[in-house]
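Let us take a friendly walk through a protein chain, one stop after another. Keep the structure open beside the text and look for each place as it comes up.

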Amino acid sequence: MLQRSAGNPPLAVQQGLDPHDAYMRLLCWTLAGYAVLGKGFAYLGVAPLFIGEIALGLGLCVFFRSGCRLAMLATVPGLLVATLFALVMTEAIAFVPVYGIDAIRDSVILLYALFAFIVIALILEKPGRLHWTLRAYGRFAWLYGMIGGVVFNLTAYLATYVYDSELYFPGTNIEMPNVRAGEAAVHLSGAAVFMLLGFRRVPLLWAMLLFVNIVMVSVSRGAMLSCLVPVCLAAVLGGQMRRFIPVLLFAAGLLAVMYAIGLEVPQSDKPDQRNIGPAQMLENFGSILGTSDATNLDGTKTWRLRWWESIVNYTFNGPYFWTGKGYGMALGETDGIVGAEMDTPILRSPHNIHMTMLARSGVPGLAVWMLVQVAWFTALMNAQVVARRRGETQWANLFLWVACYGLAILIDSSFDVAIEGPMVGIWYWSLFGFGIASIMVYRACLATVGVVPLLHLPASSKPHRYDGP
């Protein structure tokens, strides 16, 4: 299953690229485009073939040429994903005669899981790609840690003052950045954990800029938790509390000073717009733990909880227990929900990935979905514990980083429409496949030679050849 010959050096040291290496680079650039430009980048292409569908089509060609087609079934998480994929696509196809392309559109919640299988095949075909991907991500994380919050706030500014003029990047049909707070928070969290676990050395100035950018995206509950929970978890499980606590104390002190002087930055001149600052973060915490005096927080919380309660009633206690409502219809319309305000458009998804699965695929679909998540995180954390006990710190940190990144996406997806779209969905399933492939490469090394090679050196060190299997 793991293929490599003496005459086929890994990607990290190859002079030329084979087509599969070229696709790996294309996929990485596509993911970077989604992270930096968001929804605007998603419309690159000609309907119905946008950049995500093009990347998926090319990836499937690579998948079938790789010789690792059955690798997706070699682990419990992979087998469960394949099962859920078959379940969702069967339901979606059944609704195509009624709802047409909308049924397939809603099925992307699992359709993008094909990227997991593609990534698994690519890395198992040539394990050196794992090392190359880490170095490529290190460059992305270094940049995004300094601009993630800026990109989100640029989106808010353009949405208020500029978007009516439909500005695009010159010579393209790519809109100016259109990034949600949750999307930016997910990648800021991934970058923070990557650096915290020592995959790349960064100066103090970078850490300060990262903190500023995290504050800039913490205008929503989901975005704030997507940053804080994974970073704190990585600090505890990665044994980085000695490095993390001083930074945490400094950040808390700085936020306290900002709160005392009443420092806030408005996103726009709209009366219900949330401001950037420590007061908003406290309002977010208050809304999560109980109720908030801010109507733009407690109001959105109320209609979401009401909608989620409705979904639970007509599935667990109603006629849609086994099948859900299916794919293609706008759930907001069929469930009698318009939105947080009466003048908002009809919503297709209930702003929670778990509720979406429950509403569309019923209790069995939700059960398999939850099993997929539990199996994936369990496999990663088990591998992390094994590697930590063996003293293979880099591998342990790799598994922890992937798990924290995935957790950030799931947290964001519990508050907003995230995995249902390509901007976050392709990222999530690519990470899912990357995690499974990493575990399989690690286990193969232990089973064949009893040791595993180093993964990655800090950027300040000289690059080294990857000597994996």
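The paragraphs below go through helix packing, salt bridges, some residues in loops and a patch on the surface. Please keep in mind that this is a predicted model.

We begin with helices that pack against each other. Two packed helices are described by the angle between their axes and by the distance between those axes. Find helix 1, which covers residues 19–37, and helix 7, which covers residues 114–125. Their axes lie 11 Å apart and make an angle of about 135°. That angle makes helix 1 oblique to helix 7, since a pair has to be over 145 degrees to count as roughly antiparallel. The crossing of helix 1 and helix 7 is left-handed.

Now compare that with helix 9, residues 181–196, and its partner helix 11. Here the angle is about 15°, and the axes are 8 Å apart. Helix 9 and helix 11 are therefore roughly parallel to each other, because angles under 35 degrees fall in that class. Helix 9 passes helix 11 in a right-handed crossing.

A third pair is helix 17 and helix 18, whose axes are 10 Å apart and meet at an angle of about 155°. That makes helix 17 roughly antiparallel to helix 18. The crossing in this pair is left-handed.

Next come the charged side chains. Side chains of opposite charge can pair when their charged atoms come close. How many salt bridges does the structure hold? There are 13 salt bridges in the structure. Let us visit some of them.

Go back to the start of helix 1 and look for Asp-18. Asp-18 forms a salt bridge with Lys-126, and the closest N and O atoms of the two are 3.2 Å apart. Asp-18 sits in the segment before helix 1, while Lys-126 sits in the loop between helix 7 and helix 8, so the pair ties together parts that are 108 residues apart in sequence. You have already met helix 1 and helix 7 as a packed pair. Are the two partners buried or exposed, or something in between? Asp-18 counts as partly exposed, at 26% relative accessibility, whereas Lys-126 counts as buried, at 3%. Both residues also belong to a network of salt bridges that links Asp-18, Asp-21, Glu-125, Lys-126 and Arg-129.

Another salt bridge joins Arg-348 to Asp-106, with the closest N and O atoms 2.9 Å apart. This pair links distant parts of the chain: Arg-348 is in the loop between helix 15 and helix 16, and Asp-106 is in helix 5, 242 residues apart. Asp-106 is buried, with a relative accessible area of 11%.

The side chains of Asp-416 and Arg-180 also meet in a salt bridge, at 3.2 Å from N to O. Asp-416 lies in the loop between helix 17 and helix 18, and Arg-180 in the loop between helix 8 and helix 9, so this pair ties together parts that are 236 residues apart in sequence. Asp-416 is partly exposed, with a relative accessible area of 22%.

Stay in the loop between helix 17 and helix 18 to find Ser-414. Ser-414 counts as buried, at 15% relative accessibility. Which distance separates the C-alpha atoms of Ser-414 and Ile-353? They are 5.8 Å apart in space, although their positions lie 61 residues apart in sequence.

Return to the loop between helix 15 and helix 16, where His-351 has its place. The phi angle of His-351 is near 60°, a positive value in a residue other than glycine. His-351 is buried, with a relative accessible area of 12%.

Our last stop is on the surface. Leu-233, Val-236, Leu-237, Met-241, Ile-245 and Leu-249 make a nonpolar patch of about 500 Å². Helix 11 and helix 12 are the elements that give two or more residues to this patch. One of the patch residues is Leu-249, which is placed in helix 12. Leu-249 counts as exposed, at 60% relative accessibility, because the cut-off for that class is over 50%.

Note on methods
Residues are numbered from 1 along each chain as its sequence is written. This is a predicted model: local features need pLDDT of at least 70, side-chain atom pairs count only at pLDDT 80 or more; totals for chains, interfaces and linings use all residues. Side-chain values use heavy atoms; hydrogens and water are left out. Patches are made of residues with over 30% relative accessible area and no salt bridge: like charges are joined within 9 Å, nonpolar side chains (Val, Leu, Ile, Met, Phe, Trp, Tyr) within 5 Å. Accessible areas come from the Shrake-Rupley method with a 1.4 Å probe; for residues, only the protein chains shown count as cover. A salt bridge is a side-chain nitrogen of Lys or Arg within 4 Å of a carboxyl oxygen of Asp or Glu. Helices (H or I, at least four residues) and strands (E, at least two) are DSSP runs, numbered from the N terminus. Buried means under 20% relative accessible area, exposed over 50%, partly exposed in between (1.4 Å probe, protein chains only). Axes are lines fitted to C-alpha atoms, for helices over the stretch in contact, and angles run from 0 to 180 degrees between N-to-C directions. Angles under 35 degrees count as roughly parallel, over 145 as roughly antiparallel, 65 to 115 as roughly perpendicular and the rest as oblique. A crossing is left-handed if the near helix is turned anticlockwise from the far one by less than a right angle, and right-handed if clockwise.
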